[in-house]
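Me: Please take a close look at one part of this model, starting from a single pair of residues and working outward. I would like the cut-offs stated as you go.

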Amino acid sequence: MALKIVKLAITPKQTISTSPTVARYFHEVPETITEVTTHKINASDFLNDQGEIAQSLPVLNLNNSYFNVYINGVLQMDENFSYTAGEDGIGSLLFSLPDDSEIPKGTPIIMETVNFHPEIVSE
């Protein structure tokens, strides 16, 4: 993922404050996944940080956010995943499974979303 550098003109009496919003979503593979090119996990197939069924997945701020996916605790490469924000039936995580791979039943898949909210603060 390429980072975009934005330059802001601020005065000595101003600072930039960033407030991240972090959310984590948990999924346990119900059946072994093998020989599929793309696998989809809908919003309602995830549990949120409170252990409740996720009703939706957050919109990621353009050029000011990211998401990570962990399978069995191992961070995965971005190029294998596609994230769609939205409610159940719309919000989802798609991922490609490499040839001759499998994800065993019971494997945890964790998705973490991070949105930054920069703000110029005057003293």
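Reply: Ser82 stands opposite Leu94, a residue of strand 10, where strands are DSSP runs of type E with at least two residues, helices would be H or I runs of at least four, and both are numbered from the N terminus. The model is predicted, with local features requiring pLDDT of at least 70 and side-chain atom pairs counted only at pLDDT 80 or more, while totals for chains, interfaces and linings use all residues. Residues are numbered from 1 along each chain as its sequence is written, and side-chain values use heavy atoms, with hydrogens and water left out.

The two strands around this pair, strand 8 and strand 10 (residues 92-96), run antiparallel and are joined by four bridges; strands count as paired if DSSP finds at least two bridges between them. They belong to an open sheet of three strands in the order 4-10-8, with antiparallel pairing. Its edge strands, each pairing on one side only, are strand 4 (38-42) and strand 8 (81-84). Neighbouring strands of this sheet are turned by 15° against each other on average, with direction ignored; the axes behind that angle are lines fitted to C-alpha atoms (for helices over the stretch in contact), and angles in general run from 0 to 180 degrees between N-to-C directions.

From the sheet one can turn to the aromatic rings, of which a search of the whole structure finds four pairs; rings of Phe, Tyr and Trp (its six-membered ring) pair if their centres lie within 6.5 Å, with planes under 30 degrees apart called stacked, over 60 edge-to-face and the rest tilted. One of these joins Tyr25 and Phe46, whose ring centres are 6.2 Å apart and whose planes stand at 70°, so this pair is edge-to-face. The two residues come from distant parts of the chain, 21 residues apart, with Tyr25 in strand 2 and Phe46 in the loop between strand 4 and strand 5. Tyr25 is buried at a relative accessible area of 8%, and Phe46 is buried at 0%, where buried means under 20% relative accessible area, exposed over 50% and partly exposed in between, computed with a 1.4 Å probe on protein chains only. Another aromatic pair is that of Phe81 and Phe95, with ring centres 5.7 Å apart and planes at 40°, so it counts as tilted. This pair links strand 8, which holds Phe81, to strand 10, which holds Phe95, over 14 residues of sequence. Both Phe81 and Phe95 are buried.

Phe46 also has a place in the largest nonpolar core, which has 20 residues and in which Phe46, Val69 and Met111 have the most contacts; such a core is a set of buried Ala, Val, Leu, Ile, Met, Phe, Trp, Tyr and Cys residues joined through side-chain atoms within 4.5 Å. At least two residues of this core come from each of strand 2, strand 6 (65-71), strand 8, strand 10 and strand 12 (108-115), and strand 6 gives the most, with three. Contact itself means heavy atoms within 4.5 Å, and, leaving aside neighbours within four places in sequence, the partners of Phe46 include Tyr25, Ile41, Leu93 and Met111.

Strand 2, strand 12 and strand 6 recur in an open sheet of four strands, which has the order 2-12-6-7 and antiparallel pairing. Strand 2 and strand 7 (74-75) are its edges, each pairing on one side only. Strand 6 and strand 7 pair in the antiparallel sense over two bridges, and Tyr70 has Leu75 in strand 7 as its bridge partner. In the loop between these two strands lies Asn72, which has a positive phi of about 55° although it is not a glycine and is exposed at 54% relative accessible area.

Strand 2 also takes part in the one salt bridge of the structure, a salt bridge being a side-chain nitrogen of Lys or Arg within 4 Å of a carboxyl oxygen of Asp or Glu. The side chains of Arg24 and Asp49 meet here at 3.4 Å, N to O. Arg24 lies in strand 2 (residues 21-28) and Asp49 in the loop between strand 4 and strand 5 (56-57), so named distant parts of the chain, 25 residues apart, are linked. Arg24 is partly exposed at 34% relative accessibility, and Asp49 is likewise partly exposed at 36%.
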